[in-house]
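Here is a brief report on one protein model. It covers the overall fold, the surface and the charged contacts.

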Amino acid sequence: METEADGPAIDALFLEERRYPPPADFAAQANAQEDVYARDWEEFWESEGRERVTWLEPFEQLYEWNPPYAKWYLGGKLNVCFNCVDRHVEAGLGDKVAYYWEGEPEGERRTITFAELQRDVVRFANGLKALGVRKGTPVGIYMGMVPELPVAMLACARLGAPHTVVFGGFSAESLAGRLNDMECELLVTQDEGWRKGKTVPLKRNADEALASSPTVKQVVVLRRTDGDVECRQGRDVSWEQVVDGMSDDPASCPCEPMDAEDLLYLLYTSGTTAKPKGIVHTTAGYLVGVATTHHYIFDIKPDSVYWCAADIGWVTGHSYIVYGPLCNGTTGVVYEGTPDFPDKDRWWAIVERYKVDILYTAPTAIR
């Protein structure tokens, strides 16, 4: 019998490693060159923090580490919405496409520039202000993959109102649990969503959840399918009513200065193993982190068309559909439906239509 001294251990015989180095000319233009990995990590994050985002007040201390808790960019003030939208418009990139949106029903498409995104966000933020949303007001969001979902998130960030996005496939019970835990005062939802040609009853689920969510006093409802849904007088208001007559001038709704450690959003674990736990994502460390990793890991270039084919309801969607790409001024794709509707080639038709050159997805989706 062969021993380890005579040759490899039995488990080593089953190890398999395959490496596929990129072509040399491709590697030479990559954002992440060897010197990135050779840098001192504190110097790296100090530099990224100062150069990757725009500060209203610069930070004074890189981090504070009291295991297991860390605080980042202490003393600094910034606003996530300003970094994701306003500064790009101010830099003359207002005509650059922020999102190509593709609805699940074929032929439903929108192209949204950074200037248009700014106008939509400001208008909705002003509408939320009129409903009483202020810095610190917790807001729940329960929507499908429509452009108004990132608009709602950015409007909350503009006002300094922490949000929690609940995946549109979750049940009324799951929604209620998250709204109650965060003590949300307002919910943004839609009448129905689309999935494989059928409607998803988001408003009906929301109504069921709100029967046991006493902190939610107001509900904003986006019309997506024009399905017949209940409207409760004094509580429910349509998205159109909220934005009607509201100014889209950024000066009418200045970005709220936020401390580096202020709460940006809570996102809850799935609840498959225990009661869902709200994971805290604060402002500066999170934004610098996702913008930096988006830049280096996906090798984003100024003219990239990038598609994270996830749902915004998951953390990868928060980070790599909304906050990271927009902070970097990247053109992204948002798709409402499933990969196989109406045909198995739907994703590739989208890739071809918008000339996507970076696709971020999961093996399960490909399978």
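## Surface

How much area does the protein expose, and what share of it do carbon and sulfur atoms supply? The protein exposes about 18200 Å², and carbon and sulfur atoms supply 52% of that area. Areas come from the Shrake-Rupley method with a 1.4 Å probe, and for residues only the protein chains shown count as cover.

This is a predicted model: local features need pLDDT of at least 70, side-chain atom pairs count only at pLDDT 80 or more, and totals for chains, interfaces and linings use all residues. Residues are numbered from 1 along each chain as its sequence is written, and side-chain values use heavy atoms, leaving out hydrogens and water.

## Fold

The protein has 13 helices and 18 strands. These are DSSP runs, numbered from the N terminus (helices: H or I, at least four residues; strands: E, at least two). Buried residues (under 20% relative accessible area; exposed is over 50%, partly exposed in between) make up 50% of the 367 residues.

## Salt bridges

The whole structure holds 23 salt bridges (a side-chain nitrogen of Lys or Arg within 4 Å of a carboxyl oxygen of Asp or Glu). Glu 102 pairs with Arg 109 at 3.3 Å. Glu 102 is buried at 1%, whereas Arg 109 is partly exposed at 40%. Both belong to a salt-bridge network with Arg 346 and Arg 353.

Arg 123 bridges to Asp 120 at 3.3 Å. Both lie in helix H5 (residues 114–130), three residues apart. Arg 123 also meets Asp 248 at 3.1 Å, N to O. Asp 248 sits in the loop between helix H9 and strand E13, so this pair ties together parts 125 residues apart in sequence.

Key: Buried < 20%, exposed > 50% of the residue type's maximum accessible area, 1.4 Å probe, protein only.
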